[in-house]
Amino acid sequence: MIRRVDPRRPALITPQGLRRIVLGGTEGERGLRLAAVSHAAVRRPRLALPSERAAGCLLVLVHPDSGSLDEHAREAIAAAALLARPDEAVVVLMPWPQAPGAAGAQDPQADALDAAALGIDRLELLPVSEALSPEALAEAVAARWQALSPRLTLAPDRGDDGDLGRRLAVRQRLACAAGVVEIADGRARVRDLGGVQRAAADATAALDGLDLLLLARQVARTELPFTGLGERRVLPAPAPRAQPGLVDLGVVAGQAQQVALEEADFILAAGNGVTDVKLFLELAEALGAAVGASRVAVDDGRFARSQQIGATGRTVQARGYLAMGISGAVQHLQGIRECRHVLAVNTDVSAPMVQRAELTVVEDVQALMRELLALLQAERAAPPAASSLPVPSLKAA
């Protein structure tokens with residue numbers, strides 16, 4: 001499926017009064033976010049009474065992403081808030097990873113979530129352990145679904161969220177629409193990519209006949225004109241149960257370089273400023289990062305065409321993107337538009353990538369790579385108890 005450009009996304013207004021969308025640009029987005037922050041004080045809660053006294057609710061199923069919510073999850077919550085009636089509460093049910101031996105302990109990351117600003121009326125945290133199977137989690141969510149009896153349930157159509165939504169639909173025999181790309185005029189539009197002897201087309205269904213929506217990206221804007229109540233509740237942790245015939249062998253980490261760039265969580269990208277490719281690849285392996293490159297670095301033969309990021313290459317949505325020596329052509333910025341946190345290393349402070357990045361290190365790329373690799377190697381060589389060096393953490397919270 002070709003990712004469409006959102007015509008409603010933030011843009012710049014020219015002196016002539018024309019609305020201009022800058023591909024890969026962030027000025028319009030930053031201006032809108034600053035305006036939203038400055039007007040946050042005048043926003044009022046959508047629901048005028050406590051969530052327990054609401055006439056009904058809409059339920060959203062989302063998993064946290066390293067203690068926070070990514071843009072896809074926020075869009076699903078915003079869609080629920082916009083679809084909710086004035087007397088309905090937006091309830092978010094979130095499976096929350098629980099460390100061994102931390103039962104009942106307060107989690108600072110969970111407390112840091114600003115539920116009200118996201119449009120959440122009640123955030124329900126469901127403590128889960130690594131030993132909890134997907135079936136047991138689905139059973140616990142189904143029990144909570146029955147207790148809430150939501151008019152509509154929503155979830156992002158990806159990964160664990162999509163899997164949990166589908167398991168819930170099967171258990172409760174819910175009318176489900178997957179891959180929803182638009183909600184308008186009381187109908188949900190689903191994109192059919194086609195198949196053997198079947199042309200690609202779109203289908204619509206009335207919301208009144210649906211119980212569960214699995215949403216694609218950009219279905220709803222996350223900037224809401226109101227807030228939620230922001231109530232919180234911690235649910236009892238479901239007990240793990242053995243699955244007959246199955247043996248849990250644990251989790252084995254794979255090689256980051258073997259992951260498709262579109263699915264990579266952390267990407268180390270090289271531009272024209274990277275001349276020592278061997279050093280760059282050693283650093284990527286030490287960081288556990290997937291390898292990307294700009295078009296200039298690919299055209300020079302330093303990297304494969306499959307590693308090119310940009311409008312003419314791959315479009316990525318990593319949680320962390322570290323750009324080494326990349327100036328930031330508009331085509332490249334378009335390819336990293338959906339990356340959550342962008343860091344840059346560059347000697348040119350006027351480069352477009354520096355403007356896009358949240359944090360920039362003005363330093364020679366080769367020198368920084370050598371120092372960072374030496375730091376990582378020293379940390380790995382030191383005994384855990386005797387280690388005194390700070391561990392570089394490039395993964396966004």
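Which residues does valine 60 touch, not counting residues up to four places away in sequence? In this predicted model, valine 60 touches Ala76, Ile77, Ala80, Val90, Val91, Val92, Leu93 and Leu154 under that exclusion.

**The nonpolar core and helix H2**

Val60 belongs to the largest nonpolar core, which has 35 residues. Together with Val92, Met94, Leu123, Leu154, Leu213 and Leu215, Val60 touches the most other members of this core. Two or more residues each come from S3, H2, S4, strand S5 (122-128), S6, strand S7 (176-184) and S10. The element that gives the most is H2, with seven residues.

Helix H2 covers residues 71-83, and its 13 residues reach 18 Å from first to last C-alpha, close to the 18 Å expected at 1.5 Å a residue. Its buried residues are His72, Ala73, Glu75, Ala76, Ile77, Ala78, Ala79, Ala80 and Ala81. The cover over the buried residues of H2 includes strand S3 (56-61), strand S4 (88-97), strand S6 (152-156) and strand S10 (212-215). Among the buried residues of H2 are Ala76, Ile77 and Ala80, and these three are also touched by valine 60.

**Aspartate 161**

Aspartate 161 is located in helix H5 (residues 159-172). Because its relative accessible area is 2%, and buried means under 20%, aspartate 161 counts as buried. Its side chain makes a polar contact of 2.7 Å with the side chain of histidine 63. With residues up to four places away in sequence left out, aspartate 161 touches Leu61, Val62, His63, Ala155 and Pro156.

**The parallel sheet**

An open sheet is formed by five strands in the order S13-S12-S14-S15-S16, with parallel pairing. Strand S13 (290-293) and strand S16 (359-361) are the edge strands; each has a single partner strand, so one side of each lacks a neighbour in the sheet. From one strand to the next, the twist averages 20°.

Strand S15 (residues 341-345) runs parallel to S16 and is joined to S16 by three bridges. Valine 345 has valine 361 in S16 as its bridge partner.

Two helices that lie across strands of this sheet are set out below.

| Helix | Strands crossed | Angle |
|---|---|---|
| H6 (residues 277-287) | S12 (266-270), S13, S14 (320-324) | about 170° to S12 |
| H10 (residues 365-381) | S14, S15, S16 | about 130° to S14 |

Strand S14 thus appears in both rows: H6 lies across S14, and H10 also lies across S14.

Notes. Residues numbered from 1 in each chain as written. Predicted model: local features only at pLDDT ≥ 70, side-chain atom pairs only at ≥ 80, totals over all residues. Heavy atoms only, no water. Helix = DSSP H or I, 4+ residues; strand = E, 2+ residues; numbered from the N terminus. Expected span 1.5 Å × (residues − 1). Buried < 20%, exposed > 50% of the residue type's maximum accessible area, 1.4 Å probe, protein only. Contact = heavy atoms within 4.5 Å. Pairing = 2+ DSSP bridges. Axes fitted to C-alpha atoms, helices over the stretch in contact; angles between N-to-C directions. Polar contact = N/O pair within 3.5 Å; in protein donor to acceptor, adjacent residues only side chain to side chain. Core = buried A, V, L, I, M, F, W, Y, C linked by side-chain atoms within 4.5 Å.
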